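Subject: the structure we talked about

Hi,

Here is the structure I promised to pass on. Have a look at it first, and then read my notes underneath.

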Amino acid sequence: MAATDRARWRSAANWLNLATPCGLLLARATGCRVRSGPRGLYLALGYRLDLPDAAAFTVGNVVLWREGLDEPERCPGLIVHEERHASQYAWCLGLPFLPLYAVAAGYSWLRTGDPASRNVFERQAGLAAGGYTQRRSRPIGALLPPLRRWSRPRG
Ligand SMILES: [Zn+2]
């Protein structure tokens with residue numbers, strides 16, 4: 001499938017699954033200025049709320065861009081990263097992306113102490129492009145000391 005076909009498919013999917021309308025409502029509610037971006041994305045500029053703690057984040061095909069950040073055209077790597085999240089919304093049938101992302105972020109936090117390093121969504125979108133530094137994973141066994149104590153044979 002050509003890149004433009006993929007972008008059209010993603011745009012249609014994220015309209016139908018209502019993720020893009022939700023992103024536009026969020027942009028409107030938070031006072032962002034919305035304009036068209038590359039490959040069917042919308043750029044919502046001037047996001048000011050503290051959460052999420054990110055330079056940019058995506059809801060459907062809407063990329064919410066924090067106030068004070070450089071112009072999107074000067075951050076092509078971050079746009080590509082957010083575009084991959086837009087595709088992830090389409091594959092997750094829209095807003096189910098959010099709880100799935102939360103589970104992936106929680107798993108990553110347990111394994112590494114940060115929400116991105118082992119988060120499948122951030123890894124697929126590109127950690128470095130998203131501004132993340134990959135942290136080393138802790139062994140799974142180290143996460144479960146109570147279970148190890150419980151499973152120890154008793155004499
Ligand atoms: Zn990301």
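Before anything else, a word on naming: helices and strands here are DSSP runs, numbered from the N terminus, with at least four residues (H or I) for a helix and at least two (E) for a strand. With that in hand, you can find glycine 113 just after α4, where it takes a positive phi of about 85 degrees. Helix α4 itself has 16 residues and reaches 22 Å from its first C-alpha to its last, close to the 22 Å expected at 1.5 Å a residue. Please keep in mind that this is a predicted model.

**The overall picture**

The protein has seven helices and four strands. Read from the N terminus, the order is α-α-β-β-β-β-α-α-α-α-α. The C-alpha trace spans about 70 × 35 × 30 Å along its principal axes. Of the 155 residues, 30% are buried. If you take contacts between residues at least 6 apart in sequence, 47% of them join residues at least 24 apart.

**The sheet**

The four strands make an open sheet in the order β1-β2-β4-β3, with mixed pairing. The edges belong to β1 and β3, which have a single partner strand each, so one side of each is left without a neighbour in the sheet. From one strand to the next, the twist averages 25 degrees.

Going through the pairs:

- β1 and β2 are antiparallel and share four bridges. Arginine 35 has leucine 43 in β2 as its bridge partner.
- β2 and β4 run parallel, joined by five bridges. Here tyrosine 42 is matched with valine 62 in β4.
- β3 and β4 are antiparallel, again over four bridges. Phenylalanine 57 stands opposite leucine 64 in β4.

The β3 and β4 strands also form a hairpin with two residues between them, and glycine 60 in that turn has a positive phi of about 60 degrees.

**What packs on it**

Helix α2 packs on the sheet and touches β1, β2, β3 and β4, its direction making about 25 degrees with that of β4. Helix α3 lies across β3 and β4, and runs at about 25 degrees to β3.

Which residues have the most contacts inside the largest nonpolar core? They are Ala44, Val62, Val63, Leu64 and Trp65, in a core of 22 residues. The elements that give two or more residues to this core are α2 (19-29), β2, β3, β4 and α3. The top contributor is α3, with five residues.

Strand β4 (residues 62-66) is mostly covered, as four of its five residues are buried. Tryptophan 65 is worth clicking on: leaving out residues up to four places away in sequence, it touches Leu43, Ala44, Leu45, Tyr47, Ala56 and Pro72.

**Backbone oddities in the loops**

Where is the cis peptide bond? It runs from leucine 51 to proline 52, with omega near -5 degrees. Proline 52 sits in the loop between β2 (42-47) and β3 (56-59).

Two residues other than glycine have a positive phi that you may want to look at. Arginine 39 has one of about 50 degrees, and it lies in the loop between β1 (33-36) and β2. Is arginine 39 buried or exposed? It is partly exposed, because it has 16 other C-beta atoms within 10 Å, and 20 or more would be needed to call it buried, 12 or fewer to call it exposed. Leucine 93 has a positive phi near 65 degrees and is found in the loop between α3 (76-91) and α4 (97-112). Leucine 93 is partly exposed too, because its count is 14 other C-beta atoms within 10 Å.

**One more residue**

Valine 120 belongs to helix α5 (residues 120-125). With 15 other C-beta atoms within 10 Å, valine 120 is partly exposed. How far is valine 120 from aspartate 5 in space? The two are 25 Å apart, C-alpha to C-alpha, and 115 residues apart in sequence.

That's everything I have for now. Shout if anything is unclear.

Cheers

How values were computed
Residues numbered from 1 in each chain as written. Predicted model: local features only at pLDDT ≥ 70, side-chain atom pairs only at ≥ 80, totals over all residues. Pairing = 2+ DSSP bridges. Core = buried A, V, L, I, M, F, W, Y, C linked by C-beta atoms within 7 Å. Contact = placed C-beta atoms within 7 Å. Expected span 1.5 Å × (residues − 1). Axes fitted to C-alpha atoms, helices over the stretch in contact; angles between N-to-C directions.
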